[in-house]
Number of protein chains: 2
Amino acid sequence: MQIANAYSILYSIEDNRDLKLCNSSSWQVREQRKKSKHIKHKMSDTENKAITSNSPSIVVYWLADSRADRILLLLEELELPYVIQKFERGPDKLAPAELKKIHPLGKSPVIKDGDKVVAESGFIIDYLISKYGKEKHLKPTNEEDLFQYNYFLHYIEGSLMPILVMKYIFLNLQKQAPWLVKPVVNGICNKIDQLYLGPNIRAHLDFLEGELKQRKWLAGEQFSGADIQASFTLEMLLKRSNANEENVPNLSRYVAAMRERPAYKRAMEKVGKSCIAE
Amino acid sequence: MQIANAYSILYSIEDNRDLKLCNSSSWQVREQRKKSKHIKHKMSDTENKAITSNSPSIVVYWLADSRADRILLLLEELELPYVIQKFERGPDKLAPAELKKIHPLGKSPVIKDGDKVVAESGFIIDYLISKYGKEKHLKPTNEEDLFQYNYFLHYIEGSLMPILVMKYIFLNLQKQAPWLVKPVVNGICNKIDQLYLGPNIRAHLDFLEGELKQRKWLAGEQFSGADIQASFTLEMLLKRSNANEENVPNLSRYVAAMRERPAYKRAMEKVGKSCIAE
């Protein structure tokens, strides 16, 4: 077993994505990303100016291949001024140690709003909407939609994401196992997939498909912060489950509608790619 | 590799605990649990009466060895009328299929408040406190404490729990590996523990110890719903990390204070044991 690889898999599953669901040409994205990698410190100067000249002064500590794209999408929806401080993963796919200077857990997304450090996607989303976004209607005001909004903010990271992360770990352990131990690793991983991960992913797909059959967005007919929390994860779910328009038409329609939002496109332009799940 | 065991491990980590941090004698607990296992349907009749005769009519679908204890603790703190419908795990440690009749994901905790089904610990806690608990002060009203309350409601399941679950899976895969493949499994698991899980658990311990050095409870000087969300998980963290009073004095003090709360003791009495992490 290539331990170094298993190790980097485990690191990268914190805030990672590995989806290729977009239409853009990968080399373009790679080239843009290579460029962005080298302008971090230059950007910081610009950003510092922006922080002092704009109000609110929001900095997003954005890590490549992470859930941080959600926060860009949110800020574009809110049309708030913000700056991005970009962090790239090393060849080992680890988040750089510098991130621990922002928050002791060293994770992304994390933002600074003035002097306040805010972590945890679900909390950042609700915090920013509640503080700055009242007129954008990203948090429902009617009781039923607000119930769904709050439920889905917790559900995405509390229930769905751990299953997808586990699927990712076992898939990659399997892929990277050297021939000598491959039969053992394959045996464990396939069985776990067949008995546990597969049925669980199916249950989540059915659940979400049922919810999105009843309404356009997760919290109701209106796009909300719950959809921003879900954006990255539902694209990941489609990929991991090989689900498509035929077996999950409402979920597929939902993800396609998300990508058509102008805020989504603007957010992706800012980090040099064309979709959140790239 | 004993696939059946690996399988049951994976199932049981959803909503499980396996801690023995309490002072009570285990056999007493086992005996009490054996009894409770056989009274489920009888209880349901009583419960149905309770539902119709009390207001609010809250039913907790409680699964043994699960995060559902949090909700009992909450309801005792709120001093609300409620009934418990108990579900035991099978010998394979799976949650029974009956739970899917309550909520399509078949998980616990899940509650019914009248006709409303509410899932996800963090959401259930905030929902019940906001709806019924204003006079109990379990949700802070000042800005700074409310910020911490909301952060910790998300942090516990979004960041800390996935690491503990992963630790549990790899520890158990290792324990249950038959001798022929044990060296391979040990090699993978030890390395992952050394390089990834260990440092991550250390980071969480340091973070929480730092937070609890600044204030008595997670959200401030006042006990809150954030502590109820944390209760099960922080006991689990102490156990997994073999941390103790010497290296995490504030975290240890916190867990001990939690166990001393009369509501905590009442909740545990209702399910025939003496602590939440049993």
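**Exercise 1. Overall make-up and confidence**

What share of the contacts in chain A with a separation of 6 or more comes from residues 24 or more positions apart? Then describe the secondary structure of chain A and say where confidence in the model is low.

*Solution.*
Step 1. Residues 24 or more positions apart supply 75% of the contacts counted at a separation of 6 or more.
Step 2. The model is predicted. Its chain A contains 10 helices and four strands, arranged along the sequence as α-α-α-β-α-β-β-β-α-α-α-α-α-α.
Step 3. Chain A has 278 residues, of which 61% count as buried.
Step 4. The average pLDDT of chain A is 83, and 80% of the residues score at least 70. Residues 6-32 of chain A stay under 50, and the model has 83 contacts beyond four places in sequence for them. The pLDDT is also below 50 over residues 34-54 of chain A, a stretch with 18 contacts beyond near neighbours in sequence.

**Exercise 2. The sheet**

Work out the strand order of the sheet in chain A, and find which strands stand at its edges.

*Solution.*
Step 1. The four strands make an open, mixed sheet with the order 2-1-3-4.
Step 2. Strand 2 (82-87) and strand 4 (116-119) of chain A each have a single partner strand, so they stand at the edges and one side of each lacks a neighbour in the sheet.
Step 3. From one strand to the next, the twist averages 20°.
Step 4. Strand 1 and strand 2 of chain A run parallel and are joined by six bridges; A:Val59 has A:Val83 of strand 2 as its bridge partner.
Step 5. Strand 1 (residues 58-63) and strand 3 (residues 110-113) of chain A run antiparallel, with four bridges between them. Here A:Ile58 is the bridge partner of A:Asp113 in strand 3.
Step 6. Helix 4 (residues 69-78) of chain A packs on the sheet and touches strand 1, strand 2 and strand 3, its direction making about 145° with that of strand 1.

**Exercise 3. The faces of strand 2**

Which residues of strand 2 of chain A lie on each of its faces, and are they buried or exposed?

*Solution.*
Step 1. In a regular strand, side chains alternate between the two faces of the sheet.
Step 2. One side of strand 2 of chain A carries A:Tyr82, A:Ile84 and A:Lys86, while the other carries A:Val83, A:Gln85 and A:Phe87.
Step 3. Both faces are covered, and six of the six residues of strand 2 are buried.

**Exercise 4. Two helices in contact**

Describe how helix 7 and helix 9 of chain A are packed.

*Solution.*
Step 1. Two packed helices are described by the angle and the distance between their axes.
Step 2. The axes of helix 7 (residues 182-214) and helix 9 (residues 249-259) of chain A come within 8 Å and cross at roughly 70°.
Step 3. Angles of 65 to 115 degrees count as roughly perpendicular, and helix 7 and helix 9 of chain A are therefore roughly perpendicular to each other.
Step 4. Helix 7 contributes A:Leu205, A:Glu209, A:Leu212 and A:Lys213 to the contact; helix 9 contributes A:Pro249, A:Asn250, A:Leu251, A:Arg253 and A:Tyr254.
Step 5. By class, the residues of this contact are five nonpolar, one polar and three charged.

**Exercise 5. A lysine in helix 6**

Why does A:Lys167 count as buried, and which residues is A:Lys167 in contact with beyond four places in sequence?

*Solution.*
Step 1. A:Lys167 belongs to helix 6 (residues 143-176) of chain A.
Step 2. A:Lys167 has a relative accessible area of 10%. The cut-off for buried is under 20%, so A:Lys167 is buried.
Step 3. Apart from neighbours within four places in sequence, A:Lys167 contacts A:Asp193, A:Leu197, A:Ile201 and A:Arg240.

Terms used
Residues are numbered from 1 along each chain as its sequence is written. Chains are lettered from A and ligands numbered from 1 in the order in which they are written. Side-chain values use heavy atoms; hydrogens and water are left out. Buried means under 20% relative accessible area, exposed over 50%, partly exposed in between (1.4 Å probe, protein chains only). Contact means heavy atoms within 4.5 Å. Axes are lines fitted to C-alpha atoms, for helices over the stretch in contact, and angles run from 0 to 180 degrees between N-to-C directions. Angles under 35 degrees count as roughly parallel, over 145 as roughly antiparallel, 65 to 115 as roughly perpendicular and the rest as oblique. Ala, Val, Leu, Ile, Met, Phe, Trp, Tyr, Cys and Pro count as nonpolar, Asp, Glu, Lys and Arg as charged, and the others, Gly among them, as polar. Two strands pair if DSSP finds at least two bridges between them. pLDDT is the predictor's confidence in each residue, from 0 to 100.
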